[in-house]
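Student: I want to know what the labels on this model rest on. Can we test them one by one?

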Amino acid sequence: MKTVGYAAHSNDAHMTPYHFERRALRPNDVAIEILYSGVCHSDLHTVNGDWGPQPYPLVPGHEIVGQVIDVGPAVTNYKVGDRVGVGCMVDSCQACDQCDHGEEQFCRNGMTPTYGFPDRISGEITQGGYSKHIVVREEFVLSIPAALDLARAAPILCAGITTYSPLRNWGVKAGSRVGVIGLGGLGHMAVKLAVAMGAEVTVLSRSNSKEAEAKSIGAKGILVSSDAEAMAAAGASMDLIIDTVPVKHDLNIYTPLLDIDGSLVIVGQIGPLNEPLTVPLVMGRRRVAGSLIGGIRETQEVLDFCAEHNIHPECEMIRPDQINEAYAVLKKGDISHRYVMDMSALEL
Ligand code: NAP
Ligand code: ZN
């Protein structure tokens with residue numbers, strides 16, 4: 001199938017229109033017309049080469065929402081016209097213990113990310129959601145509940161699941177005290193989801209310029225991470241901190257905010273951090289951990305959770321030809337919500 005998208009051609013991360021082919025349907029494949037595509041900071045890290053050399057040309061995008069336009073003969077769960085989503089993975093071995101218990105992101109044989117990796121069967125490089133169409137095996141297709149507005153659902157597929165999974169894994173519930181570092185795409189979803197779980201949420205930000213946004217989505221307020229006095233006063237006041245900062249940074253200013261047995265979970269920036277101090281960890285049995293997206297079953301769960309609790313990501317709709325400007329804003333961290341591309345603005 002012929003399609004068109006926006007691709008990076010080198011690590012200057014400059015996106016330009018790109019015509020390419022999607023594979024012919026395999027028996028268990030679903031063909032999707034992409035209607036909306038979220039812009040994740042991981043897309044920028046990838047095309048920028050922050051995570052190593054890439055197989056350019058590369059079409060990023062792993063917050064994909066659209067409708068089914070065709071299905072292979074063995075597909076049982078989807079039919080033409082269904083509202084569907086695709087997140088960060090498009091395949092895994094489907095046979096190991098991790099795939100068996102629904103954590104395909106940790107597939108022992110390596111899951112196949114939505115873009116930039118060889119397809120398990122053809123070896124062709126996967127291409128993501130900044131495009132008009134995608135073809136995905138049905139096990140990796142999600143159903144978008146009727147209560148969700150399609151135009152505002154895409155960021156749940158990455159920003160939503162990546163923050164929902166640690167909130168659930170660390171048992172956040174009514175009365176939990178949660179900190180969220182960085183009020184961007186992931187951070188704002190962490191706030192909304194934790195608030196819906198009954199937590200009291202504080203945003204840790206570089207300044208108080210996003211205070212109004214933080215409060216409008218349910219946070220108690222902002223703690224400015226460079227305000228040493230306010231940070232000291234907030235010592236031992238949090239059970240869980242979700243760290244979404246996309247650049248190398250210092251954890252040592254955050255770990256003392258955790259109460260005894262508290263955890264700081266890193267989801268941002270894959271790479272080295274400044275050296276952690278052991279004192280706050282040892283002296284309070286505090287933990288520093290990491291978390292990667294979530295399995296397919298849990299991704300459906302967060303979509304259903306958002307539908308049930310009427311949670312929509314805060315989306316700023318842009319045209320695909322505005323992607324380079326959007327990246328410039330992401331680079332500075334000047335965003336408290338998510339850019340979402342309206343793919344109908346892209347002509348075949
Ligand atoms: P984003 O929308 O750009 O938000 C990042 C936020 O971090 C900014 O809004 C900013 O908030 C804060 N920040 C602090 N220092 C910064 C700096 N020097 N430059 C820019 N921002 C800074 O990013 P995102 O899409 O939420 O992604 C966040 C990170 O999570 C990225 O590294 C991404 O690759 C990663 N990620 C991980 C997973 C996973 O599975 N683990 C999944 C998706 C994304 P304040 O202004 O409030 O400080
Ligand atoms: Zn992402």
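Tutor: Start with a cut-off: a polar contact is a pair of N or O atoms within 3.5 Å. Keep in mind that the model is predicted.

Student: What makes serine 42 a polar contact of ligand 1?

Tutor: A polar side-chain atom of serine 42 lies 2.8 Å from an oxygen atom of ligand 1. The limit is 3.5 Å, so the pair counts.

Student: Which backbone atoms pair with an oxygen atom of ligand 1?

Tutor: A backbone N or O atom of leucine 186 lies 2.8 Å from one. For a polar backbone atom of glycine 333, the distance is 3.2 Å. Both values fall within 3.5 Å, so both are polar contacts.

Student: How much of ligand 1 does the protein bury?

Tutor: Ligand 1 alone exposes 910 Å², and the protein buries 92% of that. Elements giving two or more residues to the shell are α1, α4 (185-196) and α9 (323-332).

Student: Why are Cys40, His62 and Cys158 called donors of the zinc ion (ligand 2)?

Tutor: Donors are N, O and S atoms within 2.8 Å of the metal. Here SG of Cys40, NE2 of His62 and SG of Cys158 lie 2.0 to 2.2 Å from the zinc ion, so they qualify. Their spacing along the chain is C-x21-H-x95-C.

Student: What makes cysteine 40 and histidine 62 a tie between parts of the chain?

Tutor: Cysteine 40 sits in the loop between β3 (29-38) and α1 (41-47), and histidine 62 in the loop between α1 and β4 (64-71), so the pair links parts 22 residues apart in sequence. Cysteine 40 and histidine 62 are both buried, meaning under 20% relative accessible area.

Notes
Residues numbered from 1 in each chain as written. Chains lettered and ligands numbered in written order. Predicted model: local features only at pLDDT ≥ 70, side-chain atom pairs only at ≥ 80, totals over all residues. Heavy atoms only, no water. Donors = N, O, S within 2.8 Å, 3.2 Å for Na, K, Ca; no water. Helix = DSSP H or I, 4+ residues; strand = E, 2+ residues; numbered from the N terminus. Buried < 20%, exposed > 50% of the residue type's maximum accessible area, 1.4 Å probe, protein only. Polar contact = N/O pair within 3.5 Å; in protein donor to acceptor, adjacent residues only side chain to side chain. Areas by Shrake-Rupley, 256 points an atom, 1.4 Å probe, with all protein chains shown as cover.
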